[in-house]
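Dear colleague,

Please find the structure below. My notes on it follow directly after.

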Amino acid sequence: MKSQPLVSCVDAARTFGRGESWVVAVYSATCDVYAGDRIALVGQSGSGKSTLIHLLAGLDLPTAGTISWPALGARRDLPGRVAVVFQNPSLLDPLDVTENVALPLLIGGMDAAQASERASAALALLDLTDLAAKLPEELSGGQAQRVAAARALAGRPKLLLADEPTGQLDHISGAQVIAALIAAADEAGAGLVIATHDLAVSKRLATTWRMIDGRVALPVARPNFEVVSS
Amino acid sequence: MIRLWLRGIARRPGRLSAVTIGVALAVGLLATLGGFLSSSKATMTARSLTKVAVDWQIEVQPNSDPTTTINAIRSAATFPASEIVGYGTANALSSVTGSTTQTTGTARVLGISATYRTSFPGSLRTLVGADQGALLAQQTAANLHARVGDTITIDRPGFPPVDVRVAGVVELPTIDSLFQIVGAPDGAQPLAPPDNVVLLRLDQWHQLFDPLASTRPDLVRTQLHARLNHHLPTDPAAAYSTVAARAHNLELKLAGTALVGDNLAATLAGARTDALYAQVLFLFLGAPAAILAGLLTAMVASSGAERRRAEQALLRARGATINAIGKVAMVETALVTLTGGGLGLIVALITTRVAFGSWRLGPTTLQTVGWTAGALALGAAIAVLVIARPARRDARGLTIAGARSSRLRAGQPRWQRIWLDVALLGGAAVVFWVTSRNGYHLVLAPEGVATVSVSYWAFAGPVLAWAGGGLLTLRIVETGLRRGRRPLATAIRPVAGPLADTVSASLSRQRLLVARAAALAMLALTFAVSTAMFNATYRHQAEIDAVLTNGADVTVTQPPGSTVGPAEAARYAKIAGVSKVEPVQHRYAYVGADLQDFYGVNPKTIVSAGKLQDAYVAGGTVATLFNRLAAQPDAILVSAETVRDFQLLPGDQLTLRLQDTRTNSYTNVAFHYVGVVKEFPTAPRDSFLIANATYVAKMTGSDAVNTFLIDASGKNPRVIADRLRTALGATGTVTDITSSRTIVGSSLTAVDLAGLTRVELAYALALAVAASGLTFWLGLAERRRAFAIAAALGARSRQVGAFVWIEAGIIALAALVLGGAGGWALTHLLVKVLTGVFDPAPAALTVPIGYLAIVAAVLVGAVAVAARAGIVASQRDPLATLRSR
């Protein structure tokens with residue numbers, strides 16, 4: 001018998017704007033993510049992948065339907081249990097790489113020394129130790145994205161969400177980041193959802209959800225979903 | 001592309017609006033202060049014109065025929081009004097009262113026409129009796145014990161005495177200029193006006209003095225008193241030049257047959273010095289504010305520089321040429337200039353209307369246009385410097401990679417390495433030292449020289465202090481954050497918790513940004529503090545000046561020779577509104593060969609009654625010195641000049657010659673010198689003496705009091721003065737402090753600086769708010785992405801607040817401590833450099849606690865509001881911020 005889902009969406013929708021500029025980013029999505037799930041969320045640019053990632057992370061709220069985190073607690077408890085690797089640069093300019101990686105741990109209330117130790121370990125996992133004392137403005141786009149991934153891993157989250165984490169990386173670095181994300185998720189027994197349009201990435205994950213114009217197609221035989229892989 | 005760019009600006013108007021506000025502040029301030037300066041100068045000129053009773057006294061020279069010369073004068077120049085006045089000298093005047101005969105010394109007898117009063121209304125004031133006929137000056141009437149209807153005798157040299165019947169007693173408000181020696185320099189003018197003056201009808205004067213003119217021409221003079229056309233330039237210096245040139249022109253035409261006693265030019269000469277001081281004040285107090293507004297605008301603009309560079313780099317990458325980017329920047333500059341300039345001018349007009357009661361930025365249309373153009377030019381210059389120039393420079397010199405170069409690892413700037421800040425402050429200290437020495441004059445108006453000049457190098461002091469203070473603040477905050485990372489983390493741990501090290505590291509790397517914001521806020525506070533303290537000190541000294549000039553709220557002065565005793569005080573005390581009356585003996589005493597003003601006082605009551613201050617004495621407090629006076633009956637306080645001239649040491653005996661009323665002759669009276677006095681109500685500035693009234697009365701046989709200082713206790717002094725005048729009639733002169741404030745002349749104290757003060761303080765407040773709150777808020781807005789990331793990582797409002805509040809605290813603390821200290825130091829420097837503005841010079845600065853508390857509260861409040869707004873914004877849809885780039 002399966003345990004409680006980490007996150008559960010029921011008819012969750014997210015729209016932006018009003019009147020003529022009204023846009024539906026996600027149509028009534030119903031889906032669950034369990035611990036141990038390895039999900040690739042694929043779709044074209046603008047299909048709503050990022051919005052769904054934000055909804056699953058609790059960073060955004062649905063305008064219709066509900067999202068809950070049965071195995072993780074209330075939305076306010078999510079920091080530290082859910083981690084997100086953002087698509088855009090997301091490092092804080094005045095903090096060095098170690099401080100950036102340790103930041104969510106400190107926000108969660110961890111002792112500074114322990115947070116620093118965990119940050120160093122996460123950097124080592126992604127082979128970033130040499131960059132530990134660098135400032136974000138001294139990193140390339142790819143390096144910054146790998147540091148962002150290290151930051152997500154450092155907290156050992158139960159649910160790991162990544163929004164196009166390899167978009168700015170070369171093939172080898174991208175593969176290294178995906179491997180690290182999968183390894184970290186495996187080690188923590190976490191659920192992993194990666195939004196990507198990179199076929200190589202999606203092939204490394206067990207399940208693929210396809211998004212087309214805001215609609216989520218799950219791999220389970222349900223009336224409104226198309227099974228694309230298993 | 002320009003249209004697209006403008007559309008982008010319209011969608012994100014915050015920063016451009018802030019830049020526009022900065023330009024508006026600078027334009028508004030310059031236009032308002034400029035308008036005030038022009039209006040002040042016009043007021044000074046107008047006051048000079050109204051103050052002078054007779055503009056020119058043109059005297060017919062000896063050996064010239066009066067009638068011919070007067071005709072020549074009238075044909076050479078056109079006057080709105082002119083009257084012939086005869087001046088004769090008599091041996092004496094005498095009158096008989098009962099069984100006694102009073103005889104005066106040499107007397108001056110003037111002949112004036114029936115229309116003289118109408119032509120020159122300020123020259124005569126009837127105290128009692130008729131306006132025409134034989135009129136006695138007030139003091140002469142007192143000397144002769146003569147009343148209206150009495151007969152006095154005029155004793156002419158070589159001719160039989162003539163009796164005239166007194167028709168009235170008059171006051172001669174401009175007696176000094178009336179009896180000037182025409183053509184003589186200031187130093188050769190009489191020290192005091194004549195004691196005995198009679199005015200006769202001109203025809204009667206001719207009958208009495210035409211015969212004397214043929215035998216003793218040296219005793220008879222003829223003058224033409226003239227009023228000039230007052231359509232003069234509004235600037236006192238220009239008006240002075242015009243009037244003086246007209247006088248010289250007339251003298252040239254008259255070929256030595258007459259000389260012009262130019263009363264109007266003499267008064268305007270004083271006003272032009274004051275006008276120059278007003279100009280200096282404008283520069284010292286107004287220029288820093290305009291520069292501060294410019295700096296503020298530059299900082300606002302530069303806080304968005306990174307975004308602009310990125311956008312420009314994007315435009316370049318998509319094919320935009322440098323010229324195209326330059327055009328876009330010029331359009332933006334023009335937009336800011338027009339909007340900010342227009343807004344600033346509207347603010348200036350409203351301010352001018354509210355503060356000075358006029359819709360114009362100067363007394364004339366030309367000046368209004370001039371100041372408008374000048375202020376707009378300043379606005380345009382600021383806009384070019386902060387928008388167009390950086391945009392063009394970046395477009396030419398920066399690559400995309402260059403735009404990304406590190407600002408957070410910036411090393412110590414060159415100016416810090418060479419200690420430029422300390423050098424600048426050292427320079428300011430040198431100027432302070434030089435201006436503290438004797439012989440320094442900011443405004444030089446040498447006697448007999450047509451132009452006045454300003455030693456503009458003195459401006460270097462405040463300029464160096466401003467620049468040095470700003471840089472020192474940068475150094476202190478920057479060095480503190482660079483070297484004090486660990487102590488800071490320890491200090492903020494109670495607020496920031498586990499994030500303390502992170503917040504400290506973040507602040508340390510952003511130290512240049514924080515230091516810049518702190519320096520700007522410090523400069524704004526320095527401006528507010530120095531302006532407020534300078535204005536408060538100025539106002540305080542102006543009040544002291546008025547008190548010293550008038551003596552008290554209301555002062556009653558008895559004519560010389562009066563025998564009114566101190567008991568008369570009880571009579572004045574009964575008049576409604578009078579709360580206290582202090583009698584003061586005013587006599588003259590010979591110190592060696594010098595005749596000095598001598599005051600007999602009650603040392604136990606004069607300190608409070610005369611509102612005496614410690615600055616009025618030297619070598620102790622005023623209480624100490626007057627206690628010494630009270631403790632020793634024959635003690636005397638003397639001026640520093642007398643101590644120096646006569647080499648006096650405390651305790652030395654000083655023998656003065658005072659008039660003994662019992663023998664009517666001067667007699668030696670011994671005193672002992674106990675201290676130095678510098679100022680005393682109604683006393684002249686140079687040299688005077690103060691002793692115990694009871695001792696003086698005993699030694700001279702008279703307790704006659706000449707001056708009564710009356711305390712109105714907050715009631716309207718003018719009303720009480722009117723009541724006293726009614727009660728006293730012609731037996732005493734009554735003056736009040738309200739009139740005295742304006743009678744001080746065209747001097748700065750008479751110019752209404754209250755409006756200027758209000759304007760400056762309001763702008764100082766606005767600058768403090770903008771320099772602290774606005775720039776801090778814009779800095780936070782520029783980092784909203786960082787806060788959004790923190791929020792997306794789970795940071796709660798309190799945790800984001802740790803970053804924001806600690807930065808806010810550093811900026812506010814630096815501004816308050818360094819700005820307060822800077823303001824205090826700068827005020828000292830300004831007061832030293834502008835010593836000439838103060839009369840008397842202040843012994844200590846006046847601190848307007850209320851205003852400074854408001855400024856501090858507003859500054860802290862503005863920073864707090866900005867911090868709160870930044871924190872709230874960080875929590876509002878952080879994803880939208882993250883998506884925005």
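Glu164(A) is buried, since 23 other C-beta atoms lie within 10 Å of its own and a residue counts as buried from 20 such atoms upward. Please keep in mind that this is a predicted model. Glu164(A) sits in the loop that runs between strand 6 and helix 5 (171-188) of chain A. The phi of Glu164(A) is near 50 degrees, a positive value in a residue other than glycine. As background, most residues other than glycine have a negative phi.

A second residue of this kind is Asp11(A), which has a positive phi of about 50 degrees although it is not a glycine. Asp11(A) belongs to strand 1 of chain A. With 13 C-beta neighbours inside 10 Å, Asp11(A) counts as partly exposed, because the partly exposed class lies between the limits of 12 or fewer for exposed and 20 or more for buried.

The strand that holds Asp11(A) is part of a hairpin. Strand 1 (residues 7-16) and strand 2 (residues 23-33) of chain A pair in the antiparallel sense, and seven bridges join them. Within this pair, Cys9(A) stands opposite Cys31(A) of strand 2 of chain A. Six residues lie between the two strands of the hairpin, where Gly17(A) takes a positive phi near 75 degrees.

Chain A also contains an open sheet of six strands, with mixed pairing and the order 5-6-7-3-8-9. Which strands stand at its edges? They are strand 5 (82-85) and strand 9 (215-217) of chain A; each has a single partner strand, so one side of each is left without a neighbour in the sheet. From one strand to the next, the twist averages 20 degrees.

At one of these edges, strand 5 of chain A pairs with strand 6 (residues 159-163) of chain A in the parallel sense over four bridges. Ala83(A) stands opposite Leu160(A) in strand 6 of chain A, and Val85(A) stands opposite Ala162(A) in strand 6 of chain A. In which directions do the residues of strand 5 of chain A point? Val82(A) and Val84(A) point one way, Ala83(A) and Val85(A) point the other way, and all are buried.

Strand 8 (residues 207-212) of chain A includes Arg210(A). This arginine, Arg210(A), counts as buried because 22 C-beta neighbours lie inside 10 Å. Arg210(A) and Leu41(A) are 169 residues apart in sequence, yet their C-alpha atoms are 5.8 Å apart in space.

I turn now to chain B. Chain B has 31 helices and 24 strands. Its C-alpha atoms fill a box of roughly 115 × 70 × 50 Å along the principal axes. Of the 885 residues in chain B, 49% are buried. Among the contacts in chain B with a separation of 6 or more, 82% join residues that are 24 or more positions apart.

Val60(B) illustrates such a separation: Val60(B) and Leu259(B) are 199 residues apart in sequence and 6.8 Å apart in space, C-alpha to C-alpha. Val60(B) lies in strand 1 (residues 56-60) of chain B and counts as buried, with 24 C-beta neighbours inside 10 Å. Leaving aside neighbours within four places in sequence, Val60(B) is in contact with Pro66(B), Thr69(B), Ile70(B), Thr222(B), Thr257(B) and Ala258(B).

Two helices of chain B also deserve a description. Two packed helices are described by the angle between their axes and the distance between the axes. Helix 3 (residues 66-76) and helix 8 (residues 236-254) of chain B pack at an angle of about 130 degrees, with axes 10 Å apart. That angle makes helix 3 of chain B oblique to helix 8 of chain B, and the crossing is right-handed. Ala72(B), Ile73(B) and Ala76(B) in helix 3 of chain B meet Leu250(B), Lys253(B) and Leu254(B) in helix 8 of chain B. The residues of this contact divide into five nonpolar, no polar and one charged.

Finally, there is the contact between the chains. Which residues take part in it, and how many come from each chain? The contact takes 25 residues from chain A and 23 residues from chain B. On the chain B side, helix 18 (500-509), helix 28 (784-792) and helix 31 (878-883) each supply at least two residues. Helix 18 of chain B gives the largest share of that side, five residues. The chain B side divides into twelve nonpolar, six polar and five charged residues.

With kind regards

Technical notes
Residues numbered from 1 in each chain as written. Chains lettered and ligands numbered in written order. Predicted model: local features only at pLDDT ≥ 70, side-chain atom pairs only at ≥ 80, totals over all residues. Contact = placed C-beta atoms within 7 Å. Nonpolar A, V, L, I, M, F, W, Y, C, P; charged D, E, K, R; others polar. Pairing = 2+ DSSP bridges. Axes fitted to C-alpha atoms, helices over the stretch in contact; angles between N-to-C directions. Parallel < 35°, antiparallel > 145°, perpendicular 65-115°, else oblique. Left-handed = near helix turned anticlockwise from the far one by under 90°.
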